[in-house]
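Biologist: Can you pull up the model so we can go through a few points? I have some short questions.

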Amino acid sequence: MLSILIPTYNYDCTQLVMDLRRQAKDAAIRYEIIVMDDASATCKEANQDINNLPHCQYIELAENIGRSRIRNRLADMAKYNSLLFMDCDAAVCKSDFISAYLPYCKNQSQVVIGGTAYDPNETNPAYSLRLTYGLKREGNQNYGGCFTTFNFMIPHKIFNLIRFDENIHGYGHEDTLFGIRLIEKQIPIIRINNPLIHKGLDTNKIFLQKTEIANANLLKLYRETKQPELPATSKLLRTYLNLPTHIHWFIGIAFRLFRPLMTKQLCSKRPSLFLFDCYKLGHLCSLKQ
C-alpha cells in the first residue's frame, strides 16, 4: 500500500524510522520504509540499525549520486502504489501522521503535500534566518512558494511519468522543476495540514551559502530550459526577468557594495525577510555580471 522513501546524507534518521514504523504498524497497513544513504561520511553505523526493523531497510551507496538520482532510485526500488517521500532531517510531530495520508492513497491521480513545521522551542540565534524563513514562508499554508520534496505523497505511476531531472546537480530547484512537470501534466497538487518538523536546520551563514547555490541553479535552469512555468512558479525569477538589463547591472553593483551589511543583518537575532528577498535578487543580478 505505502512505500516510505527517505534519502539521507550525514544524518541519523533512526528515530524518524521508528516513529513512522510504529504508526504504520498501528494503522495495520502494508508498508515498507527504505532509507538510502548517499555515501555519507558520518551516521552510517547508527543508521545500520534500521535493517533490524521489520519492513525496513537501509542501503548505503558507494558514491554520492545527488538529490535527483537518489530519489529516482528509491522510487525504482519501491513496491507499493503510493510513495511517501520525506527528508531525513524530519521528525514526526503528530500521532496520526501516517493515518492522515491514508485516505489520499485511494485517489491515484493526485499529489499530496503534507507541509513543514518547526520546533517552537528552538530559539538559537545561529538559526534565526532559517527559522524565520521557515515559519513565515515554508510553514505558512497560505504561502504559495515552489514545490518541495520535504514531505509529500505521490502515486507510483505518476512518479514514473515525471521523475526527477538527473541533469540538475548541486543544491536547489530539482524539486521546482518536478513541480512544474506536474503542472504541465495537469496533475492536481493537494496541500493538507499534515506536517513534519524540520530538525536539521542550517546556520545563518550556511543557509545564505545554499541560497546562492540555489540562485545559480535557478538561473542556469531557466537559461537552459526556457520553461515558461518557471517564472510563474518563482517570484524571484519573475522579478529578475521583468527588470531591464541596465537595472541588473546597477543592482549587482549595489549588492557587492552592501553585501557585508546585509549579511550582518540577516545573521542577527531578528533577520528581515524583505532584506533577504533583496539579497537574493541582488545576488541573482550579480551572477549575470
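Modeller: We can take cysteines, strands and a helix pair in turn. Keep in mind that this is a predicted model.

Biologist: How many disulfides are there?

Modeller: The count is 0 disulfides.

Biologist: Why is C13 not bonded to C88?

Modeller: The closest cysteine sulfur to that of C13 is in C88, at 5.9 Å, which is too far for a bond. The cut-off for a disulfide is 2.5 Å between the sulfurs.

Biologist: And C278, where is the nearest cysteine sulfur?

Modeller: It belongs to C285 and is 11 Å away, and C278 is in no disulfide.

Biologist: Are C13 and C278 buried or exposed?

Modeller: C13 is buried, at 1% relative accessible area. C278 has a relative accessibility of 31%, so it counts as partly exposed.

Biologist: Switching to strands. How many residues of β8 are buried?

Modeller: 5 of the 5 residues in β8, residues 151-155, are buried, so the strand is largely enclosed by the rest of the structure. On one side these are N151, M153 and P155, and on the other F152 and I154. Both faces of β8 are therefore covered, as buried means under 20% relative accessible area.

Biologist: Which strands pair with β8?

Modeller: β4, residues 82-86, pairs with β8 in the antiparallel sense over 5 bridges. In that pairing F85 stands opposite F152. β6, residues 111-113, also pairs with β8 in the antiparallel sense, over 2 bridges. There V112 is opposite M153.

Biologist: What is the strand order in the open sheet of 3 strands?

Modeller: The order is β5-β10-β7, with mixed pairing. β5 (90-92) and β7 (116-117) are the edge strands, each pairing on one side only.

Biologist: Do β7 and β10 run parallel or antiparallel?

Modeller: They run parallel, joined by 2 bridges, and β10 covers residues 196-198. T116 stands opposite L196 of β10.

Biologist: Last topic, helices. At what angle do α8 and α10 cross?

Modeller: Roughly 65°, with the axes coming within 11 Å. α8 spans residues 204-225 and α10 spans residues 235-242. The crossing is right-handed.

Biologist: Which residues make the contact?

Modeller: From α8 they are N215, L218, L219, Y222 and R223. α10 contributes L236, L237, Y240 and L241.

Biologist: How many of the contact residues are nonpolar, polar and charged?

Modeller: The contact of α8 with α10 has 7 nonpolar residues, 1 polar and 1 charged.

Key: Residues are numbered from 1 along each chain as its sequence is written. This is a predicted model: local features need pLDDT of at least 70, side-chain atom pairs count only at pLDDT 80 or more; totals for chains, interfaces and linings use all residues. Side-chain values use heavy atoms; hydrogens and water are left out. Buried means under 20% relative accessible area, exposed over 50%, partly exposed in between (1.4 Å probe, protein chains only). Two strands pair if DSSP finds at least two bridges between them. Helices (H or I, at least four residues) and strands (E, at least two) are DSSP runs, numbered from the N terminus. Axes are lines fitted to C-alpha atoms, for helices over the stretch in contact, and angles run from 0 to 180 degrees between N-to-C directions. A crossing is left-handed if the near helix is turned anticlockwise from the far one by less than a right angle, and right-handed if clockwise. Contact means heavy atoms within 4.5 Å. Ala, Val, Leu, Ile, Met, Phe, Trp, Tyr, Cys and Pro count as nonpolar, Asp, Glu, Lys and Arg as charged, and the others, Gly among them, as polar.
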